[in-house]
Amino acid sequence: MIDLRSDTVTQPTEAMRRAMASAPVGDDVYGDDPSVNKLEESAAEMAGFEAALFTSSGTQANLLALMSHCQRGDEYLCGQQAHNYRYEGGGAAVLGSIQPQPVDNQPDGSLCLSQLAAQIKPDDCHFAQTRLISLENTIGGKVLPLDYLADAQSFAFEHGLKIHLDGARVFNAAVKQQVPLTRISQHFDSMTICLSKGLAAPVGSLLIGDEALITRARRLRKMLGGGMRQAGILAAAGQLALEQQVERLSIDHDNANYLARELAQLDELDVDRSAVQTNMVFATLNQPHNPNALQQHLEQQGIRISAANTLRLVTHKDIERSDLDKVIDQIKAFFASNS
């Protein structure tokens, strides 16, 4: 199948499979799994932080960050489109008793700092205490500008807040901006990295921060059922994700631009090519075309998408240029048969 639903569908490389089969392991809850320890140390060094924590998912890593920065009854500021607000089951509220305060994302994915300032609660017992700002980079495939990150960091400092980055696809941002990861991570008190999206590891994310935050997060991870034993089998694949899969993200970006360019030529679709910055293409079907019918047609041709009026098509390691040519041809064929 040619699967454009998400970069979460990536298959591990053969090198990852071999590394997993031969990984030295121990009991990570005791802290003696050498493969996990190596991954955490490598990630912390790459991001310029003191420590890192290997987690089962990005959702867990984000929740651990929120719960490590905030106490029960505290509040964090985020975007209306933030993954840790919209798509993580309300975990911060349900499990951490932490109140989200969303504001509208700007067209470039950023959060307006003056709008954030208006949402910071006064020191009054009627209100939750605002503790944290959470940004996301990339968000909807868009890359937050480096100067904006510096401004957001200064804003957080001026208001006595911590600042967290949901960096599930932060390496896509770094590759797009042609900067080392530290140019982005230096503006945050903590960040997460997903290993199982464009980096192609089968499982896992990382939470990165200072020693005190990671120590607290490690305890919370155990409380949430995330203490893993011989997790080095998974960490070995994550290690290769960091070492071998980052630079090739530029191929995914190029493929997304190619797909957007070709689809933009179709009258039946509205594609904003300027919004294609990394590995995501958004294409809106013009009336009267039915996205469910398009999904069904493509499925019959060995192509998977998620049906929506605005399609999100995501390129990744397992998508080649020839695959995209087939996708384009089949979309054209669908429109031709429904004209």
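Begin by selecting Glu299 in this predicted model: with a relative accessible area of 38%, Glu299 is partly exposed. Add Arg304 to the selection; the two side chains meet in a salt bridge, with 3.6 Å from N to O. Arg304 is likewise partly exposed, at a relative accessible area of 30%. The salt-bridge rule gives a count of 12 for the model, and two further examples appear later in the tour.

**Helix α14**

Next, select residues 321–337, which form helix α14. Its 17 residues should span 24 Å at 1.5 Å a residue, and the end C-alpha atoms are 25 Å apart, which agrees. Colour the buried residues of α14: Asp323, Leu324, Val327, Ile328, Gln330, Ile331, Phe334 and Phe335. Looking down the axis of α14, one finds these buried residues within an arc of 165°, so they line one face of the helix. On the other side of α14, the exposed residues are Ala336 and Ser337.

To see what covers the buried residues of α14, display β1 (2–3), α12 (249–263), β9 (269–271), α13 (291–300) and β11 (303–304), which are included in that cover.

**The two domains**

Zoom out and colour the chain by its division into domain 1 (14–245) and domain 2 (248–337). The centres of the two domains, taken over C-alpha atoms, are separated by 30 Å. Their contact draws 15 residues from domain 1 and 12 residues from domain 2.

Between them, domain 1 and domain 2 bury about 1,200 Å², and 58% of this lies on carbon and sulfur atoms. On the domain 1 side, select Gly141, Asn172 and Gln245: these lose the most area to domain 2, together accounting for 36% of what that side buries. How many salt bridges does the rule find across the interface of domain 1 and domain 2? The number is 0.

**Helix α8**

Keep Asn172 in view and extend the selection to residues 170–177, helix α8. This helix is mostly covered, since 6 of its 8 residues are buried. Those buried in α8 are Val170, Phe171, Asn172, Ala173, Ala174 and Val175. Their packing partners are α2, β6 (162–167), α9, β7, α11 and α12. Step past the end of α8 to Gln178, where phi is positive, near 55°.

**Helix α2**

From the partners of α8, move to α2, residues 34–47. The 14 residues of this helix should span 20 Å at 1.5 Å a residue; the end C-alpha atoms are 20 Å apart, in agreement. Colour Ser35, Val36, Leu39, Glu40, Ala43, Ala44 and Ala47, which are buried in α2. Seen down the axis of α2, they fall within an arc of 165°, so the buried residues line one face of the helix. Rotate to the face of α2 turned away from the buried side, where Glu41 and Glu45 are exposed.

The cover over the buried residues of α2 includes β2 (51–55), α9 (182–185), β7 (190–194), β8 (205–209), α10 (211–223) and α11 (232–244). Show these elements together before the next selection.

**Two contrasting salt bridges**

Within α10, select Arg221, and add Asp28 from the loop between α1 and α2. Their side chains meet in a salt bridge at 3.2 Å, N to O. What does this pair tie together? Because Arg221 belongs to helix α10 and Asp28 to that loop, the pair joins parts 193 residues apart in sequence. Arg221 counts as buried at 2% relative accessibility, and Asp28 is buried with a relative accessible area of 2%.

Now select Arg17 and Glu14, whose closest N and O atoms are 3.9 Å apart in a salt bridge. Both residues lie in helix α1 (residues 14–22), 3 residues apart, about one turn of the helix. An α-helix has 3.6 residues a turn, so residues three or four places apart point the same way. Are these side chains' residues buried or exposed? Arg17 counts as partly exposed at 39% relative accessibility, while Glu14 counts as exposed at 53%.

**Last stop: Asn62**

Finish at Asn62, found in helix α3 (residues 58–69). With a relative accessible area of 1%, Asn62 is buried. Display the residues that Asn62 touches, leaving aside those up to four places away in sequence: Asn84, Glu88, His164, Asp166 and Thr192.

Key. Residues are numbered from 1 along each chain as its sequence is written. This is a predicted model: local features need pLDDT of at least 70, side-chain atom pairs count only at pLDDT 80 or more; totals for chains, interfaces and linings use all residues. Side-chain values use heavy atoms; hydrogens and water are left out. Helices (H or I, at least four residues) and strands (E, at least two) are DSSP runs, numbered from the N terminus. The expected span of a helix is 1.5 Å times one less than its number of residues. Buried means under 20% relative accessible area, exposed over 50%, partly exposed in between (1.4 Å probe, protein chains only). The arc is that of the directions from the helix axis to the C-beta atoms. Contact means heavy atoms within 4.5 Å. Domain bounds come from an automatic or database domain assignment. Buried area is the accessible area (1.4 Å probe) that two parts lose on being put together, summed over both. A salt bridge is a side-chain nitrogen of Lys or Arg within 4 Å of a carboxyl oxygen of Asp or Glu.
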